[in-house]
Amino acid sequence: MGFFLNSKGPCADYREMISDSYFVDKSMLIKELLPALGKKNRFFCITRPRRFGKSVMANMVGAFFGKSVDSSELFDFLAIAKHKNYKEHLNQHNVIYIDFSRMPENCNSYQAYISRIQSGLKEDLILEYPELPLDPAKAVWDNLQMIFEKNGQKFIFVIDEWDAIFHKSFIKEEDKERYLEFLRNLLKGQIYVELAYMTGVLPIAKYSSGSELNMFLEYDMATRKKFSEYFGFLDAEVDELFEIYKHETENPEISRADLRIWYDGYCTATGKRLYNPRSVVCALTDNELSNYWTSSGPYDEIFYYIRNNIKDVRDDLVLMSAGEHIKMMLQGYAAMETELETKNQIYSAMVVYGLLTYEYGAVFIPNKELMDKYNELLLTNDRLGYIHRLAKDSDKMLSATLAGDTETMAEILKFAHDTETPILSYNSEIELAAVVNLVYLSARDRYRVEREDKAGEGFVDFIFYPERRNDIGIILELKVDSTPEEALRQIRNKNYILRFRGKLGEMPKYSGKILAVGISYDRKTKTHTCKIEVLREPL
């Protein structure tokens, strides 16, 4: 048993995962790997955003195939146990497991980083095969080749976070080339490789433009169907977890609808939606909705990707923050350039990193957890220009609305329109809705704001659900080339107020005042008109 070869680590880590109350059985991923053992197409690289279960699955693969520990107690009760070849392969293989995100102590050079792995592998092989004349002075792949030649043994390689090294500040361009060469020599064309299962955030093509690692079949979330159900949680899986949560949690505070709003929305090539698994588990464990996934990354992560082309993307940010989809033909779904300049490069990178999702030729913000991160960007980063200025003053719009001050509301909207940016041409109600969302941005601290929510007999533009049950609820309808009176009439006639009643089973009883807000824009006179009506007084 070694540090890399036939390590006990993967089994120990997977045992911890299985013992969790909110464990989801994804063991049928192994079924997808079994036919590839020893075959030409035995190299898999699966890329996903961080916190989407890549390491969990890597540990599972290592725990299943590895011979260091009898893991039947873990897998006998999982779905893979019903596979016809289950016993034939459970704990029957040599597994070399490398987590490339782990660093040696005080590491400040590529040589120190890679030496830890090279030396560790050689030491493991020499200890495991003392009867063979293995030479620590020779390359790892030469020693592995000798083992195969002498006794015919092959190895399954499980490589987690293959791209972690590229995010280290001490890594230079020549180091990246040396690293790719190391992986190529270790894996490509080597008969001793029985299977290679590799995970990461970045597609191989981002750094390997040549043939170094072209033997890998790559599977991303947006374009490849295979493996899509094994990373992230499906609706049915979250249903099961929610039932566990209701039975095990004293005074549960989270509704099933809350989980969908906060953590659902990632799209796969199969057309299915996925929940962020880390966030769902953390929310149910803590009995609290929060930004679990986005808090695990840098504060200014979104701005990092758009910083080189703010002018071209900021109007899209306004639209996406209002719930709109932006049509875009992504090129390869990978950030192919070190410096992101064009929209395609920027949005491609953001899809790869999970900051946007992609479906039917459009990118969009998948859920509230990420929407909050975008709203934070609009409110805090002054390099966004007019967008930041409007968002920063959005508390004035909410205050004016709650006070029934329609003149101030119209003045704020006029100021927004006078910025004369393309998005404010109001060619349709979509642009008007985007700007209205922007000038009400700070309302999201007090409200759950939903767009185009099914309400009564139709769809309403915005509903502001208050976080506090005695606060004021708002139903907001928009009209272009019409009147605010017509907007209010639509709110009344279509019984949009019933949507608040529909939420009673999902949140504490709402007892506050409800306002109907009508906003119109006349394209001929270029004027905004606002009108407010009380639909219901406090109960």
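In the predicted model, Asn41 lies in the loop that runs between helix α2 (29–33) and strand β1 (43–47). With a relative accessible area of 47%, Asn41 is partly exposed. When residues up to four places away in sequence are not counted, Asn41 touches Ala36 and Leu217. Asp175 is separated from Asn41 by 134 residues in sequence and by 28 Å in space, C-alpha to C-alpha. Glu174 belongs to helix α8 (residues 173–187). Glu174 is likewise partly exposed, at a relative accessible area of 43%. Between the C-alpha atoms of Glu174 and Cys282 the separation is 40 Å, and these two residues are 108 residues apart along the chain.

The protein as a whole contains 21 helices and 15 strands. Its C-alpha trace spans about 90 × 50 × 40 Å along the principal axes. Of the 539 residues, 57% are buried. Considering contacts between residues at least 6 apart in sequence, 72% join residues that are at least 24 apart.

Cys282 is part of helix α11, where it is one of the buried residues. Helix α11 (residues 277–286) is mostly covered, with 7 of its 10 residues buried. The buried residues of α11 are Pro277, Ser279, Val280, Val281, Cys282, Ala283 and Leu284. Their cover includes the helices α9 (235–248), α10 (256–263) and α15 (368–380).

The nonpolar interior was examined next. The largest nonpolar core comprises 78 residues, and Tyr347, Met350, Tyr440 and Ile519 have the most contacts inside it. Helix α19 (residues 429–439) supplies the largest share of this core, namely 7 residues. Apart from this core lies another, of 44 residues, which includes Cys45, Tyr129, Phe148 and Phe157. For Met350, neighbours within four places in sequence being left aside, the contacts are with Ile302, Tyr305, Ile306, Leu355, Leu356 and Tyr374.

Aromatic pairs number 27 in the structure. One of these is formed by Tyr129 and Phe155, whose rings stand edge-to-face at 6.5 Å centre to centre, with 80° between the planes. Tyr129 lies in the loop between α6 (110–128) and α7 (140–151), whereas Phe155 lies in strand β3 (residues 155–160); the pair therefore ties together parts of the protein that are 26 residues apart in sequence. Tyr129 and Phe155 are both buried. In a further pair, the ring centres of Trp162 and Phe166 are 5.6 Å apart and the planes meet at 80°, so this pair too is edge-to-face, given that an angle over 60 degrees counts as such. Trp162 is buried, its relative accessible area being 0%. Phe166, at 8% relative accessibility, also counts as buried, because the limit for a buried residue is a relative accessible area under 20%. Beyond single pairs, Tyr14, Phe23, Phe64, Phe65, Phe75 and Tyr86 are linked into a cluster through ring pairs.

Charged groups are also placed over aromatic rings. Arg50 lies over the face of Trp293, at 4.7 Å from the ring centre. The ring of Tyr304 has the charged end of Arg307 over it, 4.2 Å from the centre of that ring.

The search for enclosed space gave 4 cavities of 30 Å³ or more. The largest cavity holds about 120 Å³ of space. Its lining consists of 15 residues, and those nearest the centre of the cavity are Asp220, Met221, Ala222, Val351 and Val352. The elements that give two or more residues to this lining are helix α14 (343–352) and strand β9 (357–359).

Key. Residues numbered from 1 in each chain as written. Predicted model: local features only at pLDDT ≥ 70, side-chain atom pairs only at ≥ 80, totals over all residues. Heavy atoms only, no water. Phe/Tyr/Trp six-rings, centres within 6.5 Å; stacked < 30°, edge-to-face > 60°. Helix = DSSP H or I, 4+ residues; strand = E, 2+ residues; numbered from the N terminus. Buried < 20%, exposed > 50% of the residue type's maximum accessible area, 1.4 Å probe, protein only. Lys NZ or Arg CZ within 6 Å of the ring centre and 35° of its normal. Core = buried A, V, L, I, M, F, W, Y, C linked by side-chain atoms within 4.5 Å. Contact = heavy atoms within 4.5 Å. 1 Å grid on protein atoms, 1.4 Å probe; cavity = no way out; pocket = protein on both sides within 12 Å on 5 of 7 lines; lining within 4 Å. Points joined across faces, edges and corners; volume = space filled by probe spheres on them.
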